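Here are some short exercises on aromatic rings and their neighbours, each with a worked solution. Have the structure open and try each task before reading on.

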Amino acid sequence: ENRPIPEPGPNEVLLRMHSVGICGSDVHYWQHGRIGDFVVKDPMVLGHEASGTVIKVGSGVTHLKTGDRVAIEPGVPREADEFCKTGRYNLSPTIFFCATPPDDGNLCRYYKHSASYCYKLPDNVTFEEGALIEPLSVGIHACKRAGVALGSKVFVCGSGPIGLVNVIVAKMMGAATVIVTDLSASRLQKAKEVGADFTIQVKNETPQEVASKVESLLGCMPEITVECTGVQACIQAGIYATRSGGTLVLVGLGPEMVTVPIVNAAVREVDIRGIFRYCNTWPVAIALLASGRINVKPLVTHRFPLEKALEAFETTKRGEGVKVMLKCDPTDHNP
């Protein structure tokens, strides 16, 4: 639908949007109208993996100018609360977040955003790479929370876009070996492409069987597991697979209540950590992309113009490819 072009406030910039990736959460809101406590009550613009060009700057903005290409961090704190003061602004209960009800996202031609959460892209980083910083940030935040270090052996459950960025980041942070599980052979092939050392296609094994397959392929139990599916059986496999004294990070979100072998984790001192989105990751991601230390380009498998958004969402819903990218600038469909 047509909407008026927004006017940026003093600390905001107006952007001509270029590339917006479709996330599983966008599809979930479209299909189900809610995720947990976040319920869509009014029409909402989707999209939160995005990049664009500054076309107007608010009176108080000094670090950006018209023509700058930027990546957008979708979570903007509304107040300097205790979480902001300690640098964990992603946990602020009043945070604005693109395409999380009731906040509109940026799958549109023109969009205004807090200038402090727009990051200038170097010339050698494309708009699509800028949009991919959002999922990449989940990998950076998860691997940091997991404590990935030189020589780590890492088990990643799930080879969707979030599983893949965790593979990329874990390898970049010095993981010696990364093993990935998934139901889909084509997704596991993509995991190999981006750096996974071993893959296991799960058929109908029990969680304990999956864990023992991981151990036998690695030659030992991994000290870090990054769970990216939210599926109960995968969380169980993650606990059984992780070495005593290791860490399991829960990234995928499934049902509110899941049954897990918590005593097994407790008596073996397996630390279970959660993550909620990310914080302080955009500068890191931009530096890694600009230096060529990581390559996220293979993640984009489909591109659609904004007019074909429905087709793009249907493609994502069917689980085709990896990352579907919408192109919002009718004059420029380049990556």
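**Exercise 1.** In this predicted model, find which ring Arg-69 lies over, and at what distance from the ring centre.

*Solution.* Start at Arg-69 and look for the ring whose face it covers: that ring belongs to Phe-127. The distance to the ring centre is 4.6 Å. Now try a second arginine, Arg-277, which lies over the face of Phe-97 at 3.6 Å from the ring centre.

**Exercise 2.** How many aromatic pairs are there when ring centres must lie within 6.5 Å? Classify the pair of Trp-30 and Phe-313.

*Solution.* The count comes to four aromatic pairs. For Trp-30 and Phe-313, the ring centres are 5.5 Å apart and the planes meet at 75°. Planes over 60 degrees apart count as edge-to-face, so this pair is edge-to-face.

Next, place the partners in the fold. Trp-30 is in helix 1 (residues 24-32) and Phe-313 in helix 10 (residues 309-317), so the pair ties together parts that are 283 residues apart in sequence.

Finally, check accessibility. Trp-30 has 31% relative accessibility, so it counts as partly exposed. Phe-313 has 6%, so it counts as buried.

**Exercise 3.** Classify the pair of Tyr-278 and Trp-282, then say which cluster these residues belong to.

*Solution.* The two rings are 5.1 Å apart, centre to centre, with 70° between the planes, and the pair is edge-to-face. Both Tyr-278 and Trp-282 are buried. To complete the cluster, add Tyr-119: ring pairs link Tyr-119, Tyr-278 and Trp-282.

Key. Residues numbered from 1 in each chain as written. Predicted model: local features only at pLDDT ≥ 70, side-chain atom pairs only at ≥ 80, totals over all residues. Heavy atoms only, no water. Phe/Tyr/Trp six-rings, centres within 6.5 Å; stacked < 30°, edge-to-face > 60°. Helix = DSSP H or I, 4+ residues; strand = E, 2+ residues; numbered from the N terminus. Buried < 20%, exposed > 50% of the residue type's maximum accessible area, 1.4 Å probe, protein only. Lys NZ or Arg CZ within 6 Å of the ring centre and 35° of its normal.
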